[in-house]
Amino acid sequence: MLYRGYLSLVDRLPLPSLRTQKIIAFLTILTQGGIAVTGSVVRVTASGLGCPTWPQCFPGSLVPVGVSSGVNTLHQVVEFGNRLLTFVVVAAAAAIVLAVTRARRRKEVVAWAWVMPAGTVLQAIIGGITVLAGLAWWTVAIHLLASMLMVWLAVVLYAKVSEPDDGVVVQVLPRPLRWLTVLSGVALSVVLVLGTMVTGAGPHAGDKSAEDPVPRLDLDITNLVHLHAEALVGYLALLIGLTFAVYAVHAPRAVTLRLKVVLALVVVQAGIGLVQFWTDVPAVLVIMHVAGAGLCTAATSAVWAAGRVRTTEPAPEPVAA
C-alpha cells in the first residue's frame, strides 16, 4: 500500500524522456566523483577538522561559528562547504530514482538507481566516522575507496539506464575476456588501496594540529610508493593484454574505444603520480591525482559494462575465445 502511494506521488511528476534519464544518470556519476575531488581539497588545505564534530559542525551548532571557536575560519568554510555538497550528491541520487520510477523502467534499472541514495547515505556516515576518529588514515582511506566504488556503480547505472527495457541480453565479449575485464577491475582496486596507504603515510594528513596530531600510517613512504607503482604497472599490463584480445576477436567499436580511453587515462595518471613523487607532493597534483583515480575507475567500469549489454538488435555471431 505504501509503495502504491509512493507511485501515485511520483506519477505527478513530468514523464522523463530517455535523454533526460541519461543526463540525470550522468550527473550522478559527476557528483559521486566530484565529492571525492572536493574531499581532496579539504585534505590538502588541512581543513579536515574545520568542523571538528559530526553531524553538527561544532557542538551545539550545525554551521561554522567563526573565530570564536579557535579553529581557522578558512578551514571551517572549506570543510562545511564540502559537507554542503553532499546535498548536491543526494539530490542527483534522488533524481535518478524518481526519473526511472516515473518512467516505469524495468526492475533492474530501478534497483540500481536505489543504490545511489543508499550508498550516499552510507558515505555520509563514513565521513562522520572519519571526523570523529580524528582523520585516522584508515578512515580516510575507506572514505575514498567508498567514493570510487560509488563511481563504478554510477557508471554501471548509466549503462543500464541507456539500454532498452524490451531488449535481450547479448554477451559482447567471450567469457574469458569478460573475466579478464573483471581481473582488471580487481587490479585497479589493489592500485587504489595502495594509493590510500601512500596517502596515509604522506604529508597531507588533513589537519596540522600540533596538540592533537592526526594518526598516520607508520610505514616507509618510499617503499609504499614503489608498491603502488608496481601495482599500477600490473593493472596497465592487464589492460594492454585485454586490448589486444578484444581486437583479436573483432569486438565492437564501443569496447575498443573505451579501452583506448582507459589506457590513455592510466598513462596520464601514472605521469601525475611520478611528478608528485619528484616534486614532494604539491597540493594541486594531489587533487589532480584523485580526479584521475575517479576517471580511471569510471572508464574501467564502462569497459566492464560494455562486455554484456541489452539490445533490441539481432545478436551477432558468437565470437570465439
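Me: A salt bridge is a side-chain nitrogen of Lys or Arg within 4 Å of a carboxyl oxygen of Asp or Glu. How many salt bridges does this structure hold?

Reply: Eight. Keep in mind that this is a predicted model.

Me: What makes D11 and R102 a salt bridge?

Reply: The closest N and O atoms of D11 and R102 are 3.9 Å apart. The cut-off is within 4 Å, so the pair counts as a salt bridge.

Me: Why say that D11 and R102 tie parts of the chain together?

Reply: Look at where they sit: D11 is in the loop between helix 1 (2-10) and helix 2, while R102 is in helix 3. They are 91 residues apart in sequence, so the pair joins those parts.

Me: What makes D11 and R104 a salt bridge?

Reply: Same kind of check: their closest N and O atoms are 2.8 Å apart, and the limit is 4 Å, so the pair passes. This one also links distant parts of the chain, with R104 in the loop between helix 3 and helix 4, 93 residues away from D11.

Me: Are D11, R102 and R104 buried or partly exposed, and how do you know?

Reply: Buried means under 20% relative accessible area, and partly exposed runs from there up to 50%. R102 has 17%, so R102 is buried. D11 has 31%, so D11 is partly exposed, and R104, with 42%, is partly exposed too.

Me: What about E108 and R106: what makes them a salt bridge?

Reply: Their side chains meet at 3.0 Å, N to O, which fits within 4 Å. R106 comes out as buried because its relative accessible area is 12%, whereas E108 is partly exposed at 28%. Both belong to a network of salt bridges that also links R105, K160, E163 and D165.

Me: And R105, why is that one called buried?

Reply: R105 has 11% relative accessibility, and under 20% counts as buried, so that settles R105. You'll find R105 in the loop between helix 3 and helix 4.

Me: Why are the side chains of R105 and D165 said to make a polar contact?

Reply: They come to 2.8 Å, and the cut-off for a polar contact is 3.5 Å.

Me: How do you know that C51 and C57 form a disulfide?

Reply: Their sulfur atoms are 2.0 Å apart, and the test is within 2.5 Å. A disulfide is a covalent bond between the sulfur atoms of two cysteines. A search of the whole structure finds one.

Me: Why is the disulfide of C51 and C57 called left-handed?

Reply: The torsion about its S-S bond is about -75 degrees, so left-handed is the word.

Me: What makes C51 and C57 buried?

Reply: C51 is at 0% relative accessibility, so C51 counts as buried. C57 is at 0% too, so C57 is buried as well. Another cysteine, C296, has 5%, so C296 counts as buried.

Me: Why is W54 called partly exposed?

Reply: W54 has 31% relative accessibility, so W54 falls between the 20% and 50% limits. W54 is in the loop between helix 2 (18-44) and helix 3 (73-102). Together with V121, I125, I129 and L132, W54 makes a nonpolar surface patch of about 450 Å².

Me: How do you know that the length of helix 4 agrees with what's expected?

Reply: Helix 4 (residues 107-132) has 26 residues, which at 1.5 Å a residue should span 38 Å; the end C-alpha atoms are 38 Å apart, so the two agree. Helix 4 is followed by G134, whose phi is positive, near 70 degrees.

Note on methods:
Residues numbered from 1 in each chain as written. Predicted model: local features only at pLDDT ≥ 70, side-chain atom pairs only at ≥ 80, totals over all residues. Heavy atoms only, no water. Buried < 20%, exposed > 50% of the residue type's maximum accessible area, 1.4 Å probe, protein only. Patch = residues over 30% accessible without salt bridge, like charges linked within 9 Å, V, L, I, M, F, W, Y side chains within 5 Å. Areas by Shrake-Rupley, 256 points an atom, 1.4 Å probe, with all protein chains shown as cover. Helix = DSSP H or I, 4+ residues; strand = E, 2+ residues; numbered from the N terminus. Expected span 1.5 Å × (residues − 1). Polar contact = N/O pair within 3.5 Å; in protein donor to acceptor, adjacent residues only side chain to side chain.
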